[in-house]
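Biologist: Before we discuss any single feature, could you put the model in front of us and then take me through how to read it?

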Amino acid sequence: MPRRAVVVEDDQIAGELAKSLLTQAGYEVDSFARGDASVLAAIAELKPELVILDILMPGEDGLTLCHRIKGNASLRACKVIVVSGKSYEADRLRAHRCGADFFIEKPFDPAAFPKLVDEVMSGALSLQAGTIPEIPESERPELSLSVWGCRGPGAAQGSTRYGSRSSCVSVEWEGSFFIFDAGSGILDCGEELARRGTPHEIWLFLSHFHRDHVEGLGAFLARLPPGTNVRLGAPKDPDRTLASQVEAAASLSSTGPIGASVEIYEMKEERYEVLPGVALAAFYTNHPGQTLGFSLKARGKKLVYCPDSELYGEGATAFEDYDDKLARSCEGADFLIHDGAHATTEHLSLKMSGHSSALDAVEFAGKHGIGKLLVFHHDASRSDEDLDRYAMDAGAKARTKKYPLGLAFARCGLKLGI
Ligand SMILES: [Zn+2]
């Protein structure tokens, strides 16, 4: 018996294209040019295995219809792919909340469409499984993470949905504010703090002194209101004092005298009780020079920040024990932010680069039972389409391996619960 699909699309060309591609793929297709109650009734009657829905239509919009289909018990097995020609990221998020199985940006690629539909039908590709939903603005989890910058060195070109700022994330809860790295993303973090009223005390930890981790430091410190106290922890280079390293890093982007008072802490591979009930552990990562990763334990949760780190993966030799060492630092972690700078195919030729692929990060997090993984440190030359593709491949790997892993690709402005 042929499989049944329904296309709901008011744009005639896009509707006809979807219909003919699905027919070629062996589906029996019914189509509708608007969304309303009669269409929902028709879908309930037809019981298709797949519905393709346009978001903007006369009558009821596609996401409302998607929500109704997903709320209809008799259509539980039906997959819904939402298509839209605009504001991809915001719509994708809404589609996720309305229960859509996947989202395709229009105009879609006819050559890629059949494979994509197959993968959605098999569950290999899904918006719903293996993703970490963004925090709605009305909610504020106890411990929240904000991504201010997620790129490696070199500015990303043009406008990009993932953002062009370099490494910086913050973690906060009830008046405590921790920042990891001071790439250019920290400038937006500083603006947000100024908007809200900068807290008296800020904790700032630098993983290392490569430019993409410190280029925003000087301007950030210069813009803080006088009286702000910054506790800055960073690894020491054996050949230079930490103060001179911080000074050199801050002068990269300084726009004036520094108003905040800065206390500098030299960090080693050690565990620190930074506040009552808050533990921070530093560990060396597999990256050129003295590079630290950090684990933060607070409010019963553990987050690991490891932005520049080369995993050896399945091909590790007996001497390459970094993955085991990192696994010890990640023991019991709820959330891992890890380097995923490379696409897999390149990674083989880039061994010893100090960076990992998203697929290796998925394998590592899945194998060690980590709840959520945020793939981080995207190469600045990667386009949105490249990163979308890596994200889909990474999601497919997690699902193929049946890892119960929440997965997200970092983008500037992303806010997640830990
Ligand atoms: Zn880096």
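Biologist: Is glutamate 273 buried or exposed, and why?

Modeller: The idea is to count neighbours: a residue is buried if 20 or more other C-beta atoms, placed from the backbone, lie within 10 Å of its own, exposed if 12 or fewer, and partly exposed in between. Glutamate 273 counts as exposed because it has 10 C-beta neighbours inside 10 Å. Keep in mind that this is a predicted model, in which local features need pLDDT of at least 70, side-chain atom pairs count only at pLDDT 80 or more, and totals for chains, interfaces and linings use all residues. Residues are numbered from 1 along each chain as its sequence is written.

Biologist: In which strand does glutamate 273 lie?

Modeller: Strands (E, at least two residues) are DSSP runs numbered from the N terminus, and glutamate 273 lies in β12, which covers residues 271-275. Its C-alpha atom is separated by 9.6 Å from that of lysine 297, which is 24 residues away along the chain.

Biologist: How should I read burial over the chain, and which residues touch the most other members of the largest nonpolar core?

Modeller: In soluble globular proteins, nonpolar side chains tend to be buried together. A nonpolar core is a set of buried Ala, Val, Leu, Ile, Met, Phe, Trp, Tyr and Cys residues joined through C-beta atoms within 7 Å. Here, buried residues make up 46% of the 418 in the chain, and the largest core has 78 residues, of which Ile179, Ile186, Leu336, Val362, Leu373 and Val375 touch the most other members. Apart from it lies another core of 35 residues, including Val6 and Ile43.

Terms used: Helices (H or I, at least four residues) and strands (E, at least two) are DSSP runs, numbered from the N terminus.
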